[in-house]
Each structure stands twice: as C-alpha cells, then as structure tokens.
Amino acid sequence: MQLFTGISELVVNDLDRLGELDVITDAALLVDDGRVVWSGPSAQADTAVQNHLGDATAHGVNDDDIVNGEVTSANELGGLETIDLGGKAVIPGFVDSHNHLIFAGDRSEEFAARMAGQKYSAGGIATTVAATRAATETELEANLVHLLDQARRQGTTTFEIKTGYGLTLEDEIQALDIINRHTDESTLIAAHVVPPEYKEDPEGYVDLVIDEIIPAAAGKAKWIDVFCETSAFTEDQTRRIIDAGKAAGMIPRLHANQLTEGGALQLGAELGCASVDHATFASDDDLKVLAEAGTVVTLLPSIEFSTRQPYPDARRYVDAGVALAIATDCNPGSGFSNSMPFAIAIGVRDMHFTVEQAVWAATAGGANALQRTDVGHLGVGARADLAVLDAPSCRHLAYRPGVQLVERVYSGGDLIADNRPSC
Ligand code: NIG
Ligand code: FE
C-alpha cells in the first residue's frame, strides 16, 4: 500500500467528461495492490488510510498492522509506504493508443529530405518493410524494448502497438507474437501498404490478408487496422478487410484521411471503429457523423510536425462534439517521436488544444480510444499508472516543451522509471 502525499496538483480525470481535467490541489493518493483506493485533499489522507485499513481489516488484514489507529510514517504499518512528493504534479500515465514500434532500419535521410522540401507520401514504408523482414525476431524485440523504455521515461504506461512492416503471413504473426509479450493492445495492420511483391496484384494481397493473415492472427490481435488512403487501400478493400477482422474477433480502428480528403472517416464510423486516427483532413459533415457515432478521433501532432502537413485545428473537432485522443504514432517514417509530452506541446501550440484538453486527450482520450476503463484516469479502482512531474502543474507539459518534466513513473503501483539525477 502506498500513500502519495505532497501532490501540488492531482489530475484525476473522468473518462466521460471530454476534455475536462478533474484536478485536486494539495492532494494525496492512496494505492493498494496496484489500484487507486482513494484520492482527495491531503488534510483527509490519514482518515482515508484508517478507513481503508478498517475496510481491509474487515476483509481479513491483521489488526496488528494498525498502530494505535494512527498512520504516521512509512512502514509503520504493515506495508504502508508514504511517498512525499514535496509539491509536484501527478497525472495519469499517458495512454499512447497508436504506435508502430515493431520495425528495423532508419529513415532519417527521408526525414532530412522532407525538411528540405520533399513531400511525405508513405512510399518510404517499403524501405522499413525490407529492413524489418531482414531483421531477426531478437533484433526486432530489442528495438521495441528500447523504444518502450524511452517512452516509459516520458510517462507512457499504456501502449497500443501495430504490426505492418512485415506484410507476409510469417512476418506479421511474428510481429504480433513480439507485441503480445509487451502489451495487451496488439493491432494487426497487415493492410498497411501493398508490399512490393504484390505491386501488380493489389487484390491478390487483399486476398492474402483476408484468407490467411487474419485467420492466423485470430486470438493474437485485439485490433484490426487498415491504412485507408489513395496510396494504400481503397474504401472497398478496407471494408472487406475490417469485416474479416471483425469476424475473427478483432475490434476495428482505422488510419483515415491522413494524406487526402475522402470517405475514410465516415467509413470508420459506419464500421464501428473504436477510433479513426490521423483525421488530418475532416469536413464538417465528417465531424458530425463521428460525433454522432461516438467514434474517437485520435490526432497525431508529431506526424504533422514531421511531415510538414497542415495541422488540423482541434477547436473544430471539439466544437463538433467529437471525442479526441492524442497519440504519438511513433514510426520510423512519418514521425519518429515516442514522446507524449512532445505531442501535447505541439497539440497545444499548433493544433489549438487547450492545455487541459491536450492532457485529457493524451490520458483519458487514449483510454477511450482503446476502450479501456482502467487506465487514463486516477479514479477509485483505476490502475495506479501515474507520472510524477518535476513541475507544480500539468500545464508545464506545454509551457516547457523539450524539458524532461516526467520525474518518476509508476505502473500498477510499481516504480518503472525514475529520471531523478543519480549524482
Ligand atoms: O501512421 N500512415 C501509415 N502509417 C504510418 C506511417 C508509416 C511510415 O511512414 O513508415 C503513419 O503515419
Ligand atoms: Fe500510424
């Protein structure tokens, strides 16, 4: 059991209150068995601990654990650790609901060319596919572990991870097996692009995805995703692939309207996607349909940053009543940042999220995009996934871009990253 005290600002969040942070100032947080059991003003912390111990005693905890009915400091009680944060903000761990972290190779040259004026077209995906196919499973997993560790140090505690750089039956299944060793949020996106060997026969590849890859991925992938775009898969192909994924027990999500306007957003709503991602181009009608369907729209600020595409204006999406999430979409091509604080800062500066909306979208919004109720907030019963900021307020995440503000990260109550200087 852990009691976090000295919290200058505790972001609790409510998954249903879109874009609104529930904040408690001068707060404390009580965690037991990896879950939040209480949060509130520090002045009420001792009472909360006693009440919780009372409940626990009623459920079989030894009375000897309670010392004079009072809680005074760490470890006086069986297993109670008091962690005094001395005036720091605490937020729910980030939920990064869109990632492509299984790959090999480097496309920094492509990025440099883009910064020198070349347009992003997704054509570089083939470069990563070749490097990924050439890599061993051990190499792919080591790269993933490294990227996950970096992201955890930036406060991310929940990751969705996609396949999509293998594009053969064996390589896609291998990617899923790796992903499943590191997260429950595994996504099959064999329909990322048509691989080079099917260049002249895209329908043949769609058949391979539907007839072989999806059946083999059943039970291994929670999500089915398609890159629905003129340079990738048509709306008709997308519909067939998503339907096959659903029939195999997967829940749909889409890459939609990243590079061009088109019907992909509305198709996502119609197909029951949990989230449509990118949505760089969205008409008023698209937004209306998405709001009505309750489809989450996941905006990916780092991608517009790294492709020099126009930033969508989050105010339009908010005004239309759309539920928003922010994710990194970390991948070696369109944007190689796995930092949620960076995505928040760009989202605020260039997409016109308010700071509160951006922090909510990167936590509760991501949870909604993954249909999770146990993460993205710190209400009673939530997983104790949290980030301690080296700042008095979560506003600093956008106010101080590029500064390492994530000081400590807990997952299920366990300290998983500590960025405090060791010397
Ligand atoms: O989400 N749009 C498709 N997939 C990735 C890009 C992948 C790449 O360029 O390697 C994305 O942006
Ligand atoms: Fe993506």
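Let's start with Asp-350, which counts as partly exposed at 22% relative accessibility. Keep in mind that this is a predicted model. Asp-350 pairs up with Arg-349 in a salt bridge, 2.9 Å from N to O, and the structure holds 25 salt bridges. Below you'll find some of those bridges, then the iron site, a negative patch on the surface, and a couple of residues with positive phi.

**Salt bridges**

- Arg-349, the partner of Asp-350, is exposed, with a relative accessible area of 61%.
- There's also a network here: Glu-185, Lys-222, Arg-372 and Asp-374 are joined into one by salt bridges that share partners.
- Over in helix H4 (residues 137-153), Asp-149 and Arg-153 sit 4 residues apart, about one turn of the helix. Their side chains meet in a salt bridge with an N to O distance of 3.7 Å.
- Both ends of that H4 pair get the label partly exposed: Asp-149 is at 35% relative accessibility, and Arg-153 has a relative accessible area of 32%.
- Glu-203 and Arg-240 make a salt bridge through their side chains, at 2.7 Å from N to O. Glu-203 belongs to helix H6 and Arg-240 to helix H7 (residues 235-247), so this pair ties together parts that are 37 residues apart in sequence.
- As for accessibility, Glu-203 is partly exposed at 33%, and Arg-240 counts as partly exposed at 29%.

**The iron site**

- Four protein residues serve as donors to the iron ion (ligand 2): His-98, His-100 and His-255, each through NE2, plus Asp-329 through OD. They lie 2.0 to 2.4 Å from the iron ion.
- If you want to find these donors along the chain, look for the spacing H-x1-H-x154-H-x73-D.
- The site brings distant parts of the chain together: His-98 and His-255 are 157 residues apart. His-98 is in the loop between strand S5 (94-96) and helix H2 (108-115), while His-255 is in strand S9 (residues 251-256).
- Why do these two histidines count as buried? The cut-off for buried is under 20% relative accessible area, and His-98 comes in at 0%, with His-255 at 2%.

**A negative patch on the surface**

- Glu-170, Glu-200, Asp-201, Asp-207, Asp-211 and Glu-212 gather into a patch of negative charge on the surface.
- Helix H6 (residues 202-217) supplies the largest share of the patch, with 3 residues.
- Glu-200, one of the patch members, lies in the loop between strand S7 (185-191) and H6. Glu-200 is exposed, at 71% relative accessible area.

**Backbone oddities**

- Asn-13 isn't a glycine, yet has a positive phi of about 75°. You'll find Asn-13 in the loop between strand S1 (2-11) and strand S2 (23-32).
- Despite sitting in a loop, Asn-13 counts as buried, at 4% relative accessibility.
- Leu-167 is another non-glycine with a positive phi, about 60° in this case. Its place is the loop between strand S6 (156-162) and helix H5 (169-180).
- Leu-167 is buried too, with a relative accessible area of 1%.

Notes:
Residues numbered from 1 in each chain as written. Chains lettered and ligands numbered in written order. Predicted model: local features only at pLDDT ≥ 70, side-chain atom pairs only at ≥ 80, totals over all residues. Heavy atoms only, no water. Donors = N, O, S within 2.8 Å, 3.2 Å for Na, K, Ca; no water. Helix = DSSP H or I, 4+ residues; strand = E, 2+ residues; numbered from the N terminus. Buried < 20%, exposed > 50% of the residue type's maximum accessible area, 1.4 Å probe, protein only. Patch = residues over 30% accessible without salt bridge, like charges linked within 9 Å, V, L, I, M, F, W, Y side chains within 5 Å. Areas by Shrake-Rupley, 256 points an atom, 1.4 Å probe, with all protein chains shown as cover. Salt bridge = Lys/Arg side-chain N within 4 Å of Asp/Glu carboxyl O. Lys, Arg positive; Asp, Glu negative; His and termini not counted. Charge placed at Lys NZ, Arg CZ, Asp CG, Glu CD.
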